[in-house]
Amino acid sequence: MKTFLLSLCLIMCATLAYAQLEPNDQKMDGPIMELESLVVDYGEIDQHSEPLRVLKFTNTGTAPLIIKSARGSCGCTVPEWVKEPIMPGEESEIQIRYATNRLGKFSKTVTLTTNEEGEPRVIKVQGHVHETENSVPEAPANIFKDAAKDATKKSSH
């Protein structure tokens, strides 16, 4: 009887141990988007500087990856992505543009909805835009004088 109970206990322990390891050892089927980063950091940039940043990724899954949508948390953060399926093993990119005319620190997000299992991916977009002497577009000095001259020319003809 003791041998039977001991054998039963060992079988149950081995079964529980195997059940814990099995999900981690199995490769998931389907598309898997492996992003190079979950943060797009603009760092410290000048106002009106280059708004484009590129985030690369690879489909490490076993099926084509389709990006259904990519949405910025506001109109100042605009993502662009490929509409065609990304085949297993292929690399691609998401282009993100932030409105660099806005001054100050920013922390926005881009939410990616794909055909992967699970929740949408959220990418953080952050940085700090500061004003510089050359960052503000200058208006011509005589803009009002030129407009007045044009108005008088038109009225005299």
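# Group meeting: two sheets and one core

Val125 is buried, with a relative accessible area of 0%. Let's start from there and work outwards. One caution before we do: this is a predicted model.

Where does Val125 sit? In strand E8. What is Val125 in contact with, once we leave aside neighbours within four places in sequence? The partners are Val40, Tyr42, Thr77, Ile96, Phe106, Ser107, Lys108 and Val110. Take Val110 from that list. Val110 and Val125 are 15 residues apart in sequence, and their C-alpha atoms are 7.3 Å apart in space. Keep Tyr42 and Phe106 in mind too. Both come back later.

Now the overall plan. The protein has 2 helices and 8 strands. Read from the N terminus, the order is α-β-β-β-β-β-β-β-β-α. The protein has 157 residues, and 23% of them are buried. Now look at contacts with a separation of 6 or more. Residues 24 or more positions apart account for 65% of those.

On to the sheets. Here is the one that holds Val125.

Which strands form it, and in what order? The order is E2-E8-E7-E4, an open sheet of 4 strands with mixed pairing. E2 and E4 are the edge strands, and each of them pairs on one side only. On average, neighbouring strands here are turned by 15 degrees against each other, direction ignored.

Let's walk across part of that sheet. E2 and E8 pair in the parallel sense, over 6 bridges. Two positions show this. Val40 has Val125 as its bridge partner in E8. Ile45 stands opposite Val129, also in E8.

Next, E7 and E8. In which sense do they pair, parallel or antiparallel? Antiparallel, over 9 bridges. One of the positions to find is Phe106, whose bridge partner in E8 is Gly127. E7 and E8 also form a hairpin, with 6 residues between them. Look at Gly118 in the turn: its phi is positive, at about 100 degrees.

Remember one general point while you look at strands. In a regular strand, side chains alternate between the two faces of the sheet.

Now the other sheet. Again 4 strands form an open sheet, this time in the order E1-E3-E6-E5, and the pairing is antiparallel. E1 and strand E5 (77-80) stand at the edges. Each has a single partner strand, so one side of each is left without a neighbour in the sheet. Neighbouring strands in this sheet are turned by 30 degrees against each other on average, direction ignored. E5 and E6 pair over 4 bridges, in the antiparallel sense. Try Pro79: its bridge partner in E6 is Ile96.

Next, the core. How many residues are in the largest nonpolar core? It has 22. Those with the most contacts inside it are Met33, Tyr42, Phe57, Ile94 and Leu112. Which elements give two or more residues to this core? Strands E1 (33-35), E2 (39-46), E3 (52-59), E4 (67-72), E6 (91-98), E7 (104-114) and E8 (121-130).

Pick out Phe57. Leave aside residues up to four places away in sequence. Phe57 then touches Met33, Glu34, Leu35, Leu65, Ile67, Ile86, Glu90, Glu91, Ser92, Glu93 and Ile94. Two of these, Met33 and Ile94, were named a moment ago among the residues with the most contacts in the core.

Last topic: aromatic rings. A pair of rings is described by the distance of the centres and the angle of the planes. How many aromatic pairs does a search of the whole structure find? It finds 3. Take Tyr42 and Phe106. Their ring centres are 5.6 Å apart and their planes stand at 70 degrees, so the pair is edge-to-face. Tyr42 lies in strand E2 and Phe106 in strand E7, so the pair ties together parts that are 64 residues apart in sequence. Tyr42 is buried, with a relative accessible area of 5%. Phe106 is buried as well, at 6%.

Phe106 has another ring partner, Tyr98. That pair is stacked: 3.8 Å centre to centre, with 10 degrees between the planes. Tyr98 is buried too. Put the rings together, and ring pairs link Tyr42, Tyr98 and Phe106 into a cluster.

One more ring to look at. Lys83 lies over the face of Trp81, 3.8 Å from the ring centre.

Let me finish where I began. Val125, with its relative accessible area of 0%, is in contact with both Tyr42 and Phe106.

Conventions: Residues numbered from 1 in each chain as written. Predicted model: local features only at pLDDT ≥ 70, side-chain atom pairs only at ≥ 80, totals over all residues. Heavy atoms only, no water. Core = buried A, V, L, I, M, F, W, Y, C linked by side-chain atoms within 4.5 Å. Buried < 20%, exposed > 50% of the residue type's maximum accessible area, 1.4 Å probe, protein only. Contact = heavy atoms within 4.5 Å. Phe/Tyr/Trp six-rings, centres within 6.5 Å; stacked < 30°, edge-to-face > 60°. Lys NZ or Arg CZ within 6 Å of the ring centre and 35° of its normal. Pairing = 2+ DSSP bridges. Axes fitted to C-alpha atoms, helices over the stretch in contact; angles between N-to-C directions.
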